[in-house]
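Got your viewer open? Load the model, switch on side-chain sticks, and let's walk through it one selection at a time.

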Amino acid sequence: MTTAAPTPPPDLPPPLGPLVPLAYNLRWDWHAPVRALFERLDPALWEATRHNPVRLLAELDPARARAAAADGAGVAAIEAEAAALRRYLSDPETPYARRGGPADLRVAYFCAEFAITECLPIYAGGLGVLAGDHLKSASDLGIPLVGVGLFYREGYFEQEVARDGTQREVYAAADPTRLPLTLARAADGSVLRVSLPFRDYRLHVQVWRADVGRVPLLLLDTDIPENRPEDRRITDRLYGGDEEQRLRQEIVLGVAGVRALTALGYHPTVLHLNEGHAAFAALELARAEAPARGAGPFATAERLAPRVVFTTHTPVPAGHDYFEPDLLERYLGGYVWDMREPWDRFVALGRADGAAPGEPFCMTVLALRLSGFRNGVSRLHGQVTRDMWRHLWPSVEPEDAPVAHITNGVHLPTWVAGDMAAVYTRHIGEVWPLELDEVRWQRAAHIPFEELWRARAAQRARLTAEVRRRLAAQLARRGEDAGWASQALDERLLTVVYARRFATYKRAGLLLARAERLEALLRGGKLQFVFAGKAHPRDEAGKEMLRRVHAFAQRPEFRTRFVYLEGYDVELARRLVAGADVWLNVPMRPREASGTSGMKAAANGALNLSVPDGWWAEAIADHNRLGEPVGWSIEAHPGPDGDVDLADADALFALLEAEVIPLFYDRAGAADGAAAPVAHPAPPPPAGAADAPPVRWLGRVRASIRQLVPVFNTHRMVFEYLDRAYLPAHASWSAAQPSSSVAEA
Ligand SMILES: *Cc1c(COP(=O)(O)O)cnc(C)c1O
């Protein structure tokens with residue numbers, strides 16, 4: 001699959017030319033030396049472009065460019081990194097190759113959102129982060145995979161929060177020619193177009209390509225002159241429209257996605273549908289392969305199911321996409337007609353009970369039917385998923401419903417900040433970003449406390465500075481006095497962070513259920529909170545929750561120790577997970593399918609304080625061994641009134657007061673392990689004893705790193721997909737190949 005090489009901006013001095021291929025390969029996102037090269041060219045512009053190296057190079061002041069080109073050492077560093085990227089891309093000795101992975105495996109990974117880097121805002125939350133981290137690990141490990149998604153020109157919204165806590169959603173159209181994307185071209189050099197039957201005409205799509213290390217990511221775009229004005233807006237915003245817009249987007253993702261792969265000469269042997277949005281891809285693959293198999297498309301789809309992998313992420317029925325058959329017929333009637341298949345059989349594929357006339361068409365049901373390997377994203381979520389969909393397999397025992405689980409992970413080189421990365425390099429070894437086996441990571445038990453504490457303190461201090469900077473900007477934008485922002489947070493205090501989407505089940509407002517206990521805790525002066533997160537544009541309850549958290553953060557007596565930051569995105573997430581001491585998560589169990597932000601925080605040396613849901617349920621069950629617990633689990637026992645929120649809030653405060661705070665301030669040298677006193681109003685903890693490392697706290701941090709990091713990462717996760725899903729799926733493809741092509745291979 002090739003695309004034309006990007007052209008350098010006309011004014012770029014030739015010695016800076018090697019920056020162009022570096023800018024267009026998103027590996028810089030997780031390779032700090034290249035980020036540093038861009039930042040050095042113009043730190044302010046690097047910030048202003050939201051870390052977009054293509055815009056940076058296009059807008060770089062000529063005098064600065066000339067100076068950089070004249071700096072011999074700088075140019076040598078650029079050339080060295082360009083050579084390192086070429087080596088990374090062409091290295092035949094990948095972990096995948098060393099395992100003897102088949103050379104003809106080709107996985108196409110479909111998802112409605114991808115979080116790769118902050119200048120490409122085509123994600124809303126955890127699903128996108130997981131997909132982005134999946135591609136990055138596939139790249140590092142050398143697994144042959146291509147991503148397929150949509151290019152949302154206006155992305156997901158940028159969040160501004162007004163003084164009264166009202167969220168405003170700001171959409172700005174991106175110029176794709178100023179992003180690290182290239183336009184896919186046909187073999188004759190013309191811009192590639194794929195088209196598909198849509199309503200009673202044809203819809204046309206062009207394809208942007210992002211290079212995520214070795215992994216191409218194809219992003220489909222309907223905003224081209226061949227389309228009707230309303231259809232040009234199909235790919236304008238992520239999750240921005242109504243049900244009908246969602247259907248249009250999902251048709252483009254699935255049907256045009258497979259057509260784009262074919263047009264670019266990439267013939268997947270395995271399809272991975274990450275969430276039900278892309279389920280039409282399985283049907284389209286069957287339609288395309290049916291003639292060669294001499295069977296109808298639906299019969300072919302059944303036979304191709306062993307090549308389809310489906311991952312579901314949603315533990316509640318309302319979270320799945322359902323479409324009314326009439327709406328579906330308006331858009332896909334012609335498509336199904338062209339297949340010469342009866343419409344009723346098509347609708348039945350998306351119904352739990354195929355014959356029920358009133359039942360809407362469910363994308364998850366379609367995906368479950370057309371896949372051979374299906375999984376939830378944590379052990380608990382696997383169970384929940386089997387319970388939820390067991391009626392699809394009436395002849396098997398409920399617990400045998402064919403849904404496995406592969407627990408999510410995070411891509412560590414993306415999420416581990418510099419100070420902790422340096423600690424790992426010294427004590428785990430240079431290869432830590434690649435070799436995540438549990439034996440190697442036992443070495444974390446020997447990281448010296450002093451050194452671990454210095455790295456933690458440095459990352460907390462950086463977060464403190466960043467919070468002040470952002471808070472000042474946020475207040476200034478609203479025309480408020482920003483003077484107090486410089487007093488926000490104290491870099492020596494226990495820092496508790498809560499950051500994720502403000503979906504109601506995640507209960508960002510849980511602490512406020514016992515406001516009097518929260519106030520007392522803050523008056524005690526021993527800890528501080530940072531909150532961040534966006535509510536979905538149409539989630540009024542989520543917005544109300546945001547208003548309440550924000551209102552508390554506005555109270556003059558608490559505002560420097562309880563901060564809400566607007567504009568949560570992957571960049572802010574990176575800073576928050578780096579600086580947190582405690583990562584707080586309080587979902588309504590079992591609604592957090594996995595959760596991943598706590599894994600990022602653990603890898604940075606934070607301790608998790610969480611309801612045992614999603615990944616944390618198994619982290620606690622498998623790794624919280626006696627003597628070296630890895631964090632805290634909020635286990636509540638609701639009273640006779642049955643109020644789960646109040647019970648959870650009480651359990652949370654009890655843990656903070658009785659365990660978390662005393663442990664953090666239990667400093668070596670403090671008399672017989674008692675907490676060092678920190679009085680209110682806020683004299684800083686006394687120097688000396690308080691600066692000494694909290695040995696028992698850090699013991700937990702080491703246990704958390706040693707036990708959690710080698711498990712809850714995407715290298716482990718992607719290899720698990722490879723061994724349990726991709727390789728069996730690929731074997732099914734191989735077995736169906738005519739023997740002549742097997743002989744060729
Ligand atoms: C990691 C991450 C998430 C997922 O957070 P959860 O706590 O797992 O919901 C969401 N948004 C961003 C920007 C992230 O980086």
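Start by selecting aspartate 211, which is buried because its relative accessibility is 16% (buried means under 20% relative accessible area, exposed over 50%, partly exposed in between, with a 1.4 Å probe and protein chains only). Accessible areas come from the Shrake-Rupley method with a 1.4 Å probe, and for residues only the protein chains shown count as cover.

Before moving on, some ground rules: this is a predicted model, where local features need pLDDT of at least 70 and side-chain atom pairs count only at pLDDT 80 or more, while totals for chains, interfaces and linings use all residues. Residues are numbered from 1 along each chain as its sequence is written, and side-chain values use heavy atoms, with hydrogens and water left out.

Now add arginine 209: it makes a salt bridge with aspartate 211, with 2.8 Å between the closest N and O atoms (that is, a side-chain nitrogen of Lys or Arg within 4 Å of a carboxyl oxygen of Asp or Glu). Arginine 209 is buried too, at 10% relative accessible area. The structure holds 59 salt bridges, so here are a couple of other stops.

Select arginine 287 and glutamate 284, a salt bridge with closest N and O atoms 2.9 Å apart. Both sit in helix α11 (residues 280–293), 3 residues apart, so about one helical turn separates them. (Helices are DSSP runs of H or I, at least four residues, and strands are runs of E, at least two, numbered from the N terminus.) Glutamate 284 is buried at 1%, whereas arginine 287 is partly exposed at 27%.

Next, pick aspartate 650 and arginine 517, whose side chains meet in a salt bridge at 3.0 Å, N to O. The aspartate is in helix α26 (residues 644–664) and the arginine in helix α21 (residues 515–523), so the pair ties together parts 133 residues apart in sequence.

Time for some backbone. Most residues other than glycine have a negative phi, and most peptide bonds are trans. Which way does phi go at leucine 489? It is positive, near 60 degrees. Leucine 489 lies in the loop between α20 (449–477) and β15 (494–499) and is buried at 2%. Arginine 340 also has a positive phi near 60 degrees, but arginine 340 is exposed at 63%.

Last stop: select arginine 589 and proline 590, where the peptide bond is cis, with omega near 0 degrees. Proline 590 is in the loop between β18 (582–585) and α24 (597–603).
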